[in-house]
Amino acid sequence: MDTPHLDDASQPLAEAWQHSLQQAGPAATALLHRVASDAPPLLAQRFYEVLLDDARARRFLSHEQVKHRLQPAMQRWLVQLLTTDAGAVASAVAAQRVIGDVHARVGIPVDLVTRGARVLKHDLFARLQAQASDSTTAFASITCLSTVMDIAMEGMTLAYTHARERSSRTDAAYRLFSLVQNVSTERERQRALLLDWENALLYTLAGHASSSDSASLATSEFGLWFTHKGIPSFGESSETQQVGQLIARIDSGLQHAIADNPAQRLAQLPAIREDLASIRTLMTLLFERIGELDAGSDTLTNLLNRRFLPTVLRREIELATRHQTPFSLLLLDLDHFKAINDGHGHDAGDRALQHVATLLSQSTRGSDYLFRYGGEEFVVVLVAASQSQAAVIAEGLRRQIAQSPVALADGTVLSLSTSIGVAGHDGHPDYERLMARADAAMYAAKRGGRNRVVVADAALPEPPGRRAQPR
């Protein structure tokens, strides 16, 4: 294996690790190797028992696939710390940086990791002391292991901090961009959706429609937009909290009203309409605070560019975990796109991408997210949609694209098709795993003949070699 190049922050960690091994001597390092041969399975189990005592950790560790993957990974990590020699230190330090990046992506609190490391240290020190042939060897091995584990934690924390800083900058840019390319248009759209919901409610409470026909405000088009786009766009504030509380109060009152007789139902209406008026006032205030910025959109299609995708997926995973609600991902790739560029020119390719972006915008809800992922690929984040529902939506999009040829500047009418991979959030806290599943499904659609939808398997695939398949 090639020795990885370490940056300026990692190089001192590697030097300190090598120095600790030299100071320990061969007897102490041999003792570390002996402990590595039998201790890791029990220690890995102990590590996760400690973490699961903290309610915050259950978000990351309750998912079966995560537990099954993490415990063996923890064992390998322990073996690496206990057996790495001087020649492999650079690779070991680089591995700690990768682990820190994953922790940041998933959002595991640093204090949970350091707590688990503290428990591991205690148990390992006891084992080293028990197995050492003399006190000098025990002391040297314990000192070496303590230093190595501290270096590993430092490497993880360094990567974690850098990754979280990058995420914070992107999240701030996301709020500034606000996902609303035209503030005035979006404000009027949401105002109209709220008014439509109010009129439908009035119709229902007056007894002109079945109570089963009325959706709650939280699950209405306005409610979904506010939860999934409004809050991250405006940022958490007292006003967004008030809107959320008003929505919950309206839905609670609505549940009671529907169970009453018609006269009693109408008696509930003034309080509900007063709360709706308060929501409109607050929404006007929130919209006034944000401006029009174009920095977050793809210049060709006017969809979101991919730099905001991690921000959106992290929030959707948080919402799904907190409320036990589904969401799904579609990864679309235009078929034979290279042939379009080669045969008709890049202007034709650009027109095809703009055409597909328009179709996607027209065929999805305002609460969903549309991204130009890169090249001829698009990502659709379907909020409040299970994997089976997403598959139906994906099939509708595939059919719509296949039935809507694009007219080129020279009058040529060009047929298009797309291969779509569908993946529903399955509880895994790492958004890259969700992307990998959608990616694998999309490539299965390519291999299966293109112009089709494939739903991701339940098993988590390894990310495929993305450019190995024909376009």
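Let us start at a single side chain: Leu353 has a relative accessibility of 1%, and because buried means under 20%, Leu353 counts as buried. Keep in mind as we go that this is a predicted model. Leu353 sits in helix H14, and its surroundings come from several parts of the chain. Leaving out residues up to four places away in sequence, Leu353 touches Leu300, Thr301, Leu334, Phe337, Arg372, Gly375, Glu376 and Phe378. Another pair worth displaying is Leu353 with Val406: these two are 53 residues apart in sequence, and their C-alpha atoms are 9.6 Å apart in space.

One of the contacts of Leu353, Phe337, leads us to the helix that comes before H14. Helix H13 covers residues 337–344 and helix H14 covers residues 346–363; the two pack with their axes 6 Å apart, at an angle of about 135°. That angle makes H13 oblique to H14. Which residues make the contact? H13 brings Phe337, Ile340, Asn341 and His344, while H14 brings His346, Ala348, Gly349 and Leu353. Sorted by class, the contact of H13 with H14 has 4 nonpolar residues, 4 polar residues and no charged ones.

Now let us step back to the whole chain. The protein has 16 helices and 8 strands. Of its 471 residues, 48% count as buried. Contacts between parts of the chain that are far apart in sequence are well represented: among contacts with a separation of 6 or more, 77% join residues 24 or more positions apart.

As background for the next stop, nonpolar side chains tend to be buried together in soluble globular proteins. Here, the largest nonpolar core has 48 residues, and those with the most contacts inside it are Trp17, Met74, Trp77, Leu120, Leu124 and Met149. The elements that give two or more residues to this core are helix H1 (11–36), helix H2 (40–52), helix H3 (55–61), helix H4 (64–83), H5, helix H6 (110–131) and helix H7 (135–177). H7 gives the most, with 11 residues. Trp17 is a good residue to click on: setting aside residues up to four places away in sequence, Trp17 touches Leu81, Thr84, Val89, Ala92, Val93, Val148 and Ile151. Apart from this core lies another, of 28 residues, among them Leu334, Leu359, Leu360 and Leu408. Leu334 has already appeared, as one of the residues that Leu353 touches.

Three of the residues touched by Trp17, namely Val89, Ala92 and Val93, are among the buried residues of H5. The rest of that buried set is Ala90, Gln96, Arg97, Gly100, His103, Ala104, Arg105 and Val106. How does the length of H5 compare with what its residue count suggests? Helix H5 runs over residues 89–106, and at 1.5 Å a residue its 18 residues should span 26 Å; the C-alpha atoms at its ends are 26 Å apart, so the two values agree. Just after H5 comes Gly107, with a positive phi, near 90°.

From Gln96 and Arg97 of H5 we can cross to H7. Gly155, which is found in helix H7, touches Gln96 and Arg97 as well as Leu13, not counting residues up to four places away in sequence. Is Gly155 buried or exposed? Its relative accessibility is 0%, so Gly155 counts as buried. Gly155 also lies 8.7 Å from Ala9, C-alpha to C-alpha, although the two are 146 residues apart along the chain.

A buried polar residue further along is Gln190, in helix H8 (residues 183–205). Its relative accessible area is 2%. Beyond its neighbours within four places in sequence, Gln190 is in contact with Phe222, Trp225 and Phe287.

We finish in two loops. Gln324 lies between helix H12 (309–323) and strand S2 (327–334), and its phi is near 55°, a positive value in a residue other than glycine. At 67% relative accessibility, Gln324 counts as exposed. Asn451, in the loop between helix H16 (431–447) and strand S8 (453–455), also has a positive phi, near 50°. With a relative accessibility of 31%, Asn451 counts as partly exposed.

Conventions: Residues numbered from 1 in each chain as written. Predicted model: local features only at pLDDT ≥ 70, side-chain atom pairs only at ≥ 80, totals over all residues. Heavy atoms only, no water. Helix = DSSP H or I, 4+ residues; strand = E, 2+ residues; numbered from the N terminus. Expected span 1.5 Å × (residues − 1). Buried < 20%, exposed > 50% of the residue type's maximum accessible area, 1.4 Å probe, protein only. Core = buried A, V, L, I, M, F, W, Y, C linked by side-chain atoms within 4.5 Å. Contact = heavy atoms within 4.5 Å. Axes fitted to C-alpha atoms, helices over the stretch in contact; angles between N-to-C directions. Parallel < 35°, antiparallel > 145°, perpendicular 65-115°, else oblique.
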